[in-house]
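Notebook open, looking at the ligand and its surroundings. I want to know what holds it and where it sits.

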Amino acid sequence: MEIRENILETIGNTPLIRLSRFFKGEAVLAVKVESFNPGSSVKDRIGLSLIEAAEQAGKLKPGGTIVEPTSGNTGVGLAIVALLRGYKLVCTASSKIPPEKVALLEAYGAEVITCPADVPPEDPRSYYKMAEKVRDERGAFLPNQYANPANPDAHYRTTGPEIWRQTGGRITHWVTSIGTGGTISGTAKYLKEKNRDIRVIGIDIEGSVFGYYREHGTMPPQDQIHQYLADGIGEDFIPACVWWDYIDEVITVSDKTAYRTTMELTRKEGIFCGSSGGAAAAGARQIAEPLAAGAIVVTLLPDSGERYLSKLNNAWMRERGLVE
Ligand SMILES: Cc1ncc(COP(=O)(O)O)c(C=O)c1O
């Protein structure tokens, strides 16, 4: 019989798919499609890992509460694991969170507290500080995906080995977007331990700090840090889960490139991802273009475009000049 014990057993082992219509060069360009996870995003991997690490460390007791500042996907990943293991989940989120994501978290039984998006992280009104307040007032466990090593560790234990196996150990370039840094760092550590010649390229978005920081070793001037339209990637600080030792280069793309590439990928390959996936695919194609046959460039699409239909539609994108 092939009956899984529960939905958690379907996390990971997502397919790796060649993009032969989107990319016509000599190298192979392939994407790991993370919307195949039960909560439809890469963050299911860390939902499990963050909770299991806390259980093992005795930080989470039966019936306990978990609180996390999340733009949505990590919330869903945590929510699925929390409900199966009998915990309560509170998510604090920026007001940029699309309404359908709030509904989704609530469907899984989570409580969602929305906070202003246009305040710095140290402001008590920010969703980061609100999570700390809930932690202190309710005695909740705060996983903190930005600094918790269980985040990159999930990718060290699952995403990295999967990519190594799926490419028969022939991957030459690992390209992925950076938010908390967990996906790029844990996967890169595993892959570079297998073959230190594998090149690791992070994808950042204009308005965020990673690209500048990788190049200059300092934070960008304040006027270069601004809001952007892409979801789930970029930050205005450097999270501890970004392990620079394993990142060779960062390519910064514009909102326009991210959204256009998302739609191009959908129309050419029938793979509908969120804008962070579009940004990653754009950067990966740029890397793959000059490479000769034999090169295998792998990138990752963190989630599904269906989660952002209030943005990923012609009217919204046209109004902002993202598409013609
Ligand atoms: C949609 C989306 N894309 C990309 C990322 C970036 O992944 P990571 O946090 O592992 O760097 C995230 C999470 O932050 C996300 O939710």
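Before I list anything, a polar contact here is a pair of N or O atoms within 3.5 Å. On that basis I looked at Gly181: one of its polar backbone atoms is 2.8 Å from an oxygen atom of the ligand. I keep in mind that this is a predicted model.

Next I checked Gly179. A backbone N or O atom of this residue lies 2.7 Å from a ligand oxygen atom. For Thr183 I found a side-chain contact: an N or O atom of its side chain is 2.5 Å from an oxygen atom of the ligand. I then looked up how covered the ligand is, and the protein takes up 96% of the 380 Å² of accessible area that the ligand has on its own.

Then the shell. I have 16 residues around the ligand, and those that come nearest are Lys43, Gly179, Thr180, Thr183 and Ser276. By class, I get four nonpolar, nine polar and three charged residues in the shell.

Where does the ligand sit? I find it in the largest pocket. I noted a volume of about 980 Å³ for that pocket. Its lining has 49 residues, and Tyr127, Tyr228, Ile233, Gly234 and Glu235 lie nearest the centre. As for elements, those giving two or more residues to the lining are helix 2 (73-85), helix 4 (127-138), strand 6 (173-177) and helix 6 (182-194).

Which element gives the most to the lining of the largest pocket? I have helix 6 down for that, with three residues. Last entry: I split the pocket lining into 20 nonpolar, 21 polar and eight charged residues.

Terms used
Residues are numbered from 1 along each chain as its sequence is written. This is a predicted model: local features need pLDDT of at least 70, side-chain atom pairs count only at pLDDT 80 or more; totals for chains, interfaces and linings use all residues. Side-chain values use heavy atoms; hydrogens and water are left out. A residue is near a molecule or strand if one of its heavy atoms lies within 4 Å of it. A polar contact is a pair of N or O atoms within 3.5 Å; within protein, one must be able to donate a hydrogen and the other to accept it, and residues adjacent in sequence count only if both atoms are side-chain atoms. Accessible areas come from the Shrake-Rupley method with a 1.4 Å probe; for residues, only the protein chains shown count as cover. On a 1 Å grid over the protein atoms alone, a cavity is a set of points where a 1.4 Å probe fits but cannot get out, and a pocket is an open set with protein on both sides within 12 Å along at least five of seven lines; lining residues have an atom within 4 Å of a point. A molecule sits in a cavity or pocket if more than half of its atoms lie within 2 Å of its grid points. Ala, Val, Leu, Ile, Met, Phe, Trp, Tyr, Cys and Pro count as nonpolar, Asp, Glu, Lys and Arg as charged, and the others, Gly among them, as polar. Grid points are joined across faces, edges and corners, and a volume is the space filled by probe spheres set on the points. Helices (H or I, at least four residues) and strands (E, at least two) are DSSP runs, numbered from the N terminus.
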